[in-house]
Amino acid sequence: MTTTDKYNVEAAELLANQASHLPISEAVPVYEQLLANFPTAAKYWKQYVEAHMAVNNDDAVKHIFSRCLLNCLHIPLWRCYIRFIRKVNDKKGIEGQEETRKAFDFMLNYVGADIASGPVWMEHTAFLKSLPTQNLAEETQRMTSVRKAYQKAIITPTHHIEQLWREYENFENSVSRALAKGLLSEYQPKYNSARAVYRERKKFADEIDWNMLAVPPSGTSKEEMQWIAWKRFLAFEKGNPQRIDSASANKRIAFTYEQCLMYLYHYPDIWYDYATWHAKSGSVDSAIKIFQRALKALPDSEMLKYVYAELEESRGSIQASKKVYESLLGDDGNATALSHIQFIRFLRRTEGVEAARKYFMDARKSPNCTYHVYVAYAMMAFCLDKDAKFAHNVFEAGLKRFMHEPSYILEYADFLSRLNDDRNIRALFERALSSLPPEESVEIWKRFTQFEQTYGDLSSILKVEQRRKEALSRAGDEGESALDSSLQDVISRYSFMDLWPCSSKDMDHLTRQEWLSKNISKKIEKPTPANGVSSVDKSSSAVSTTSNSVKVVYPDTSKMVVYDPRQKIGLTGPLQPGVPVALPPNDTMGAAGAPNVLKDILKTLPPALATFVANLPAVEGPSPDVDFVLAICLQSNIPLMPVRAANSTQLQTGPAPSTSDLSGSSKFKPTRDRHAGKRKDVDKQDDEDSTTVQSQPLPRDAFKLRQLRKARGASSQTGSASYGSAFSGEMSGSTG
């Protein structure tokens, strides 16, 4: 059974429901299986014990209560317990009444602070009132017991606090009105404080799901909300809002932690918080018991084992701490490298150098011993034992076994740097680079280059940098371009810590240029279109033949998403900002007689720009970085279309439609016969503007580029068929 199946809440509920309809002999194994998986599920314990109570199996009932009561501080379960006690002791006379009274005291000591414990307090006072008395002394003793019970109840923030106060008033007035006035005035402020705290406490309690089963955290929103609710509840109780004495406040906090663990039983942070709270409160023994319970609940939690061992060591229990570390090691075949390292450190702290060295010699033979163990012990010998020679020997011994680990090489190099042993550092790098494949030696080359840039002369710096480029060029896709020198090499060579030989703006520019140089020249395979040859393929065939070195990918435009919802035909619902609207399938749009919006847009563009637009990646929503896209466009080598061909095409097809034409809501169409006298002047002005703007270098600012694009779009609406690309710097062709 997997962990998921083991803690399946729905399956557990079905199983519990089936068990409730089975005979007790058949239901027992079902309940035992349920409670093995959910040991803090109070409702299953209650159902289990009630099944035994129904057949009067008192011995089994007592055994079940002994297993669950102290770990399940749940009012319905404890009320079930008190019903059983009263049933058993009802016929035993005075002796039975005394046993019942002790059971009530026992119950209130554990769950009396529960916000739902009001009925328990009321049942307790009713029981005390019902006790028979033989003389005046017994009557006085009974009244004193009832008074003390009420006085405890009315200062406990519960759901029934107001009803308990009214009962207390009636009780005192029934005994003595003169005495009642003084007692009620004494306890009125305490009651008011408890009632105010109850109102605040209820807000936190209402956020908690009291029927939730304890399952390992899986990251669901419900689990996270419950975790937050319990954290808030604990913080509220730790603040001691009622300003009671520290002993009572600590008891209430401990009770809240115990209740929290009923539901967050598999959360190591709750166990840790509970134990450390005890330790900070001065009760280390209680913290030890909490850690022991935590390790029974979470036996595989290394975190809890380490912190438990730490607590035992801090209070001087070395042997107890050592047992925890040995449990982490387990069988030698199951011990992790981290457990070896931590045990070596523990032995070094508690038993000395020789004990740690002896264990290291044994641990290195373990099949799970990694290079981390060698590094940890070598640095321990170097820093703590001041034995550089032995540390060097440990690194050398590890090098024979872990030459293929770049991280080990770097740690060894750091150690040699502390010894100022530059000769052996260079020898180490050379040995490592001769044995490691190029794709695994990137970090080694980087560290070797940094070492030479810091401590070498100019010739050694340049030599290592060149060797690094040659080695990494064979492993990468850049080829010979990786061998070229760049300003990045200069920056790397002449920087120190957070000091750079250039501004951050220059650094960003160089980084972007380096990325562009690596990615623009990459060849992309052209897949076969899913729906045959599209209009974009036909219109851009001339472009693809002129640039054979670049293979263009043509997406299936029928599956593309247009961001602007206004371009969707037949849109009836409200528009959601930022939500992409998918175009209907081609056949659907065709049946309705509506043109394909995207293809119509592409048809209106010149072939070069249509090719560029068709190759843009599909993006849901306005997420592209405009500046980055413009930088790509400025670096792209878009083939130019001959001006004469463009002009002839434009004359045959007519003027370009405006933005409103593309959206299907064209209300204004420029005509060739209106304002005929002004047409030549407008065309002439357009030519002059186009020549003036394009003769200047393109601005680098994204806002200016967009303004330039808008200006050219406006000129096309006045009758000028200008198809110049504002991105590539292509000259526009105007009819005049």
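**Pro501 and its loop**

I started at Pro501, which sits in the loop between helix 26 and helix 27. The model is a predicted one, and I kept that in mind throughout. Is Pro501 buried, partly exposed or exposed? I read a relative accessibility of 46%, so Pro501 counts as partly exposed; the upper limit of that class is 50%.

Next I asked what Pro501 touches beyond its neighbours within four places in sequence. I found contacts with Ile491, Tyr494 and Ser495. I then checked the backbone. Pro501 and Ile491 are 10 residues apart along the chain, and their C-alpha atoms are separated by 6.2 Å.

Met497 is found in the loop between helix 26 and helix 27 as well. I looked up its phi and got a value near 55 degrees, which is positive in a residue other than glycine. I noted this because most residues other than glycine have a negative phi. Met497 has 67% relative accessibility, so I listed it as exposed.

**A second positive phi**

I also logged Asn240. Its phi is positive, about 50 degrees, although it is not a glycine. Where does Asn240 sit? I placed it in the loop between helix 12 (221–238) and helix 13. Its relative accessible area is 18%, so Asn240 is buried. The cut-off is under 20%.

**The second largest pocket**

I went on to the second largest pocket. Its volume came out at about 1,200 Å³. I counted 41 residues in the lining. Which of them lie nearest the centre? I wrote down Arg468, Gln488, Asp489, Ser492 and Glu514.

Then I asked which helices build the wall. Helix 22 (406–418), helix 23 (422–435) and helix 24 (442–455) are among those that each supply at least two residues of the lining. Helix 25 (458–475), helix 26 (487–494) and helix 27 (504–519) are also on that list. Helix 24 gives the largest share, nine residues. I sorted the lining by class and got 15 nonpolar, 14 polar and 12 charged residues.

**Cavities**

I searched the whole structure for enclosed space. How many cavities of 30 Å³ or more are there? I found four. The largest cavity holds about 100 Å³.

I listed its lining. Thr40, Ala41, Ala42, Lys43 and His74 are among the residues there. Trp210, Asn211, Met212, Leu213 and Ala214 also line it, as do Met262 and Tyr263. Helix 4 (42–54) and helix 13 (246–263) each supply at least two lining residues. By class I got eight nonpolar, three polar and one charged.

Leu213, one of the lining residues, led me to Asn8. The two are 205 residues apart along the chain, with their C-alpha atoms separated by 9.8 Å. Asn8 has its place in the loop between helix 1 (3–6) and helix 2 (9–19). At 28% relative accessibility I logged Asn8 as partly exposed.

I made one more backbone check, on Ala60 in helix 5 (residues 58–68). Val49 is 11 residues away along the chain, and the C-alpha atoms of the two are separated by 8.0 Å. Ala60 has a relative accessibility of 17%, so it counts as buried.

**Aromatic rings**

I turned to the rings and found 47 aromatic pairs in the structure. I picked out Phe343 and Phe346, a stacked pair with 6.2 Å centre to centre and 15 degrees between the planes. Stacked applies because the limit for the planes is under 30 degrees. Why are they about one helical turn apart? They are three residues apart in helix 18 (residues 337–350), which accounts for that separation. I checked burial too: both Phe343 and Phe346 are buried.

I also recorded one aromatic cluster. Phe360, Tyr371, Tyr374, Tyr377, Phe382 and Phe390 are among its members. Phe395, Phe402, Tyr408, Tyr412 and Phe415 belong to it as well.

**Whole-chain values**

I closed with the totals. The chain has 37 helices and two strands. Of its 736 residues, 39% are buried. What share of the contacts with a separation of 6 or more joins residues 24 or more positions apart? I got 56%. The chain exposes about 41,900 Å², and carbon and sulfur atoms supply 54% of that area.

Notes
Residues numbered from 1 in each chain as written. Predicted model: local features only at pLDDT ≥ 70, side-chain atom pairs only at ≥ 80, totals over all residues. Heavy atoms only, no water. 1 Å grid on protein atoms, 1.4 Å probe; cavity = no way out; pocket = protein on both sides within 12 Å on 5 of 7 lines; lining within 4 Å. Points joined across faces, edges and corners; volume = space filled by probe spheres on them. Helix = DSSP H or I, 4+ residues; strand = E, 2+ residues; numbered from the N terminus. Nonpolar A, V, L, I, M, F, W, Y, C, P; charged D, E, K, R; others polar. Buried < 20%, exposed > 50% of the residue type's maximum accessible area, 1.4 Å probe, protein only. Contact = heavy atoms within 4.5 Å. Areas by Shrake-Rupley, 256 points an atom, 1.4 Å probe, with all protein chains shown as cover. Phe/Tyr/Trp six-rings, centres within 6.5 Å; stacked < 30°, edge-to-face > 60°.
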